[in-house]
Amino acid sequence: PPLLSQAFPLPSLPRKQPTVLVVCGPAQNGAIGLVCARHLRIFDYEPTIFYPKRSPDPLHRDFTTQCEKMDIPFLSYLPTEVQLINDAYNAVVDAVLGAEAVVGEGREPCAAILATLKHVRIPIVSLDVPSGWDVEAGGSGGISPDVLVSLSAPKQCARRFLGRQHFVAGRFLPYDVQKKFELNPPEYPGTECVVAL
Amino acid sequence: ERGQRCPPGWLWPRRAGVPKGAPTPSLPRQEEAQAIDQELFTEYKFSVDQLMELAGLSCATAIAKAYPPSSFTTSQPAVLVVCGPGNNGGDGLVCARHLKMFGYEPAVHYPKRPSKPLFEGLTTQCQKMDIPFLPEFPAEAALIDELYGLVVDAIFGFSFKGAVREPFGSILGTLERATVPIASIDIPSGWDVEKGKAGGLQPDMLISLTAPKKAAMHFTGRYHFLGGRFVPPALQEKYALNLPPYPGTDCVLQLA
């Protein structure tokens with residue numbers, strides 16, 4: 001969420017209301033999206049969540065409750081009419097599929113969501129891996145995010161990222177893990193938890 | 001100024017458009033603070049881990065703003081983090097880990113450790129970041145002054161009641177004689193949560209978590225920060241916390 005504010009500061013948003021659509025998939029990437037939505041609300045954005053397939057994980061269910069109790073609306077369906085999304089929101093957070101996803105299976109509801117997101121004209125912020133991309137090879141014909149937030153460290157497919165801003169959120173990684181995987185992370189400014197690459 | 005108490009209205013920065021005669025913020029008493037916590041866990045389903053991580057991060061961030069590493073006169077930006085036997089100690093462990101990532105050299109003293117996975121995990125995380133755990137508390141205040149540029153008091157929090165048990169009585173006695181600045185997490189340890197403590201610890205910094213407690217009215221140090229930016233708006237309204245707005249996406253707010 002702090003990166004969303006850096007990439008899309010509140011005063012710069014085109015719509016009158018600071019609305020953001022957060023699309024959450026069924027696994028860990030989706031759960032991170034739920035946490036992101038909650039912090040966006042604390043930061044005075046107006047997030048709306050689309051979370052069609054809910055994870056049974058108790059931790060993820062608690063994240064859902066936290067969002068509900070913060071009065072964050074949950075859409076019951078995602079409009080296929082893309083113009084409705086373009087008109088209602090300033091940006092979309094893509095928290096559908098992460099590095100663990102298996103590409104090409106075309107599982108619903110993710111396939112339908114991605115088919116819609118491919119056509120939105122408002123900026124997309126992807127968490128860790130642009131959903132639908134292969135984590136190593138990247139994507140062709142998939143979604144094209146405006147902003148990518150790599151979690152822990154950039155994945156191979158980040159090399160194919162062509163959007164405006166690429167952030168890394170990995171300040172919490174202990175030094176021995178960084179060394180072991182030869183991550184060579186950049187310097188984080190001050191007390192920031194994200195850094196632009 | 002040191003020695004002067006802020007009148008109640010001065011605890012909050014002036015909000016644009018707030019009319020004169022607006023209700024002063026409610027400073028929760030001990031039972032209210034506990035009720036808010038309980039509601040966060042039972043109604044909102046936050047886990048202790050989640051809130052403790054955000055609280056500890058707030059503390060480290062506030063410290064970094066008030067005492068940047070470059071301001072230390074010791075050869076390293078060395079910080080002594082003293083952790084008590086409960087959740088305040090847990091906040092201290094999280095704080096120590098983030099201080100390390102912010103470029104400080106923290107050392108932890110954690111004499112009474114609960115055998116619960118939460119605290120064992122936090123301890124391991126610190127150890128794996130090469131944060132030393134001192135087996136003994138420095139015997140003399142002068143030693144603390146020489147070795148450290150700051151002490152983080154994470155001994156007792158807002159649930160503290162009654163007498164101070166050892167080894168914390170002796171520890172607080174030594175800290176009271178130290179001249180190095182002390183940053184207290186939520187409540188200066190040893191203070192009554194509502195009334196304060198005239199002869200006790202006089203920290204230079206107080207990081208109030210969630211909302212300042214009544215004891216904050218007796219705080220005379222230079223820096224008072226608010227942290228724990230996770231209180232849902234509905235909960236703020238229910239308890240009439242009247243929290244001032246945090247700047248941008250900062251997780252701390254400096255109070256007047």
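**View 1. The surface of chain A.** About 9,700 Å² of chain A is exposed, with carbon and sulfur atoms supplying 53% of it; the areas come from the Shrake-Rupley method with a 1.4 Å probe. The model is predicted: local features need pLDDT of at least 70 and side-chain atom pairs pLDDT 80 or more, while totals for chains, interfaces and linings use all residues. Residues are numbered from 1 along each chain as its sequence is written, chains are lettered from A, and side-chain values use heavy atoms, without hydrogens and water.

**View 2. The overall fold of chain A.** Here you can follow six helices and eight strands (DSSP runs: H or I of at least four residues for helices, E of at least two for strands). From the N terminus, their order is α-β-α-β-α-β-α-β-α-β-β-β-α-β. Buried residues account for 48% of the 197 residues, where buried means under 20% relative accessible area (1.4 Å probe, protein chains only).

**View 3. Helix H2 of chain A.** H2 covers residues 28-42, and its end C-alpha atoms lie 22 Å apart, which agrees with the 21 Å expected for 15 residues at 1.5 Å a residue (the expected span is 1.5 Å times one less than the number of residues). Why is H2(A) largely enclosed by the rest of the structure? Because 11 of its 15 residues are buried. Among them are Asn29(A), Cys36(A), Arg38(A) and His39(A).

**View 4. Just past H2(A).** Look for Asp44(A) just after the helix; this residue takes a positive phi of about 75°.

Definitions and conventions:
Buried means under 20% relative accessible area, exposed over 50%, partly exposed in between (1.4 Å probe, protein chains only).
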